[in-house]
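Got a fold in front of you and want to poke at it a bit? Here's a round of questions and answers to go with the view.

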Amino acid sequence: MYQSPVLDPLYRATIPISGTDFDGKNLTTYTQDFWISVLACADRFQFRNPANGISTSLTRFSALGKETNSLRLTKLQLATVRSLYHTIGSSITYQTVQSRGANSLRASDIVSGTDHLSPGLPDNQWQIEATELFSVSMAKLQQQIIGYATGPTYIHEGMRFTQGDKDLCQRQKIRGVSGYLSFSVLGLSIILIL
């Protein structure tokens, strides 16, 4: 329920409902035009070997791993791609929504009271939602990369690191907790070039 009409296509609510508030004053709220609205997001990924110009197709995450074999990567590049692949898997839009549930929608931030009344939403709320999902996914990606650079907090028995993994780990520089943390997509891309 909204205190004013909502014209955003995802949250559209223009059906007026007349009633009274707790003080007996006339009150008009607006309810949704549709019981269900859908926002579909399609994540697509691509790896490219800058040394030879070979790329994977722009594809869904589940197909990306199979295509990396055709890139003819060095050991260091392969370690980088393997690290990015596992990192991307935990930061795709589905994982962002799955882990945050209803909190993944910004519109829920302004709902208040036991009657779940919202003051209204801007006409571009769906764009705000999509931008937020992308931003959270990028923050998760950054956090995972920093976690890789600072090293695993737990190494289970049988965990193996290739020479490429070790070389990649030695090339990354991130200050500890006492300083600051920084991450550069450009820097990671340069590693692929080497």
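Q: How much space lies in the largest pocket?
A: Bear in mind that this is a predicted model. The space in the largest pocket comes to about 690 Å³.

Q: Which class of residue leads the lining of the largest pocket, nonpolar, polar or charged?
A: The lining takes in 27 residues, with Leu-10, Tyr-11, Ser-37, Leu-105 and Ala-107 nearest the pocket's centre. Split by class, there are 3 charged and 7 polar residues, against 17 that are nonpolar. So the class in front, with Leu and Ala among its members, is nonpolar.

Q: Which helix gives the most to the lining of the largest pocket?
A: The protein chain has 6 helices to pick from, next to 4 strands. The top contributor puts in 3 residues and spans residues 93–100, and that's helix α3.

Q: What pattern do the strands and helices follow along the sequence?
A: There are 4 strands and 6 helices to place. Read along the sequence, they run β-β-β-β-α-α-α-α-α-α.

Q: Do β1 and β2 pair in the parallel or the antiparallel sense, and over how many bridges?
A: β1 covers residues 15–20 and β2 residues 26–31. The two form a hairpin with 5 residues between them, and Gly-24 in that turn has a positive phi of about 85°. Ile-15 has Thr-31 in β2 as its bridge partner. The pairing is antiparallel, over 6 bridges.

Q: How many buried residues does β1 have?
A: To count as buried, a residue needs under 20% relative accessible area. Across the protein chain, 30% of the 194 residues get there. β1 is hardly covered, though: among its 6 residues, the buried count is 0.

Q: Is Thr-56 buried or exposed?
A: Thr-56 sits in the loop between β4 (54–55) and α1 (61–67). Leaving aside neighbours within four places in sequence, its contacts are Gln-46, Phe-47, Leu-64, Glu-67, Thr-68 and Leu-71. The C-alpha atoms of Thr-56 and Gln-46 are 5.5 Å apart, with the two residues 10 apart along the chain. Because its relative accessible area is 2%, Thr-56 counts as buried.

Q: Is Arg-72 buried or exposed?
A: Arg-72 lies in the loop between α1 and α2. Its phi is positive, about 55°, although it's not a glycine. The cut-off for exposed is over 50% relative accessible area. Arg-72 has 60%, so it's exposed.

Q: Which element gives the most to the largest nonpolar core?
A: That core has 11 residues, including Phe-45, Phe-61, Val-81, Ile-92 and Ile-145. The elements giving two or more residues to this core are α1, α2 (75–89) and α4 (125–150). The biggest share is 3 residues, and it comes from α2.

Q: Which residues does Leu-141 touch, not counting those up to four places away in sequence?
A: Leu-141 is one of the residues of the largest nonpolar core. With those close in sequence set aside, its list is Thr-87, Ile-88 and Ser-91.

Q: How many residues are in the other core, the one with Leu-10 and Tyr-11?
A: This core lies apart from the largest one, and Ala-107 and Leu-121 are also among its members. Leu-10, Tyr-11 and Ala-107 also turn up nearest the centre of the largest pocket. The core's count is 7 residues.

Note on methods. Residues are numbered from 1 along each chain as its sequence is written. This is a predicted model: local features need pLDDT of at least 70, side-chain atom pairs count only at pLDDT 80 or more; totals for chains, interfaces and linings use all residues. Side-chain values use heavy atoms; hydrogens and water are left out. On a 1 Å grid over the protein atoms alone, a cavity is a set of points where a 1.4 Å probe fits but cannot get out, and a pocket is an open set with protein on both sides within 12 Å along at least five of seven lines; lining residues have an atom within 4 Å of a point. Grid points are joined across faces, edges and corners, and a volume is the space filled by probe spheres set on the points. Buried means under 20% relative accessible area, exposed over 50%, partly exposed in between (1.4 Å probe, protein chains only). Contact means heavy atoms within 4.5 Å. Two strands pair if DSSP finds at least two bridges between them. A nonpolar core is a set of buried Ala, Val, Leu, Ile, Met, Phe, Trp, Tyr and Cys residues joined through side-chain atoms within 4.5 Å.
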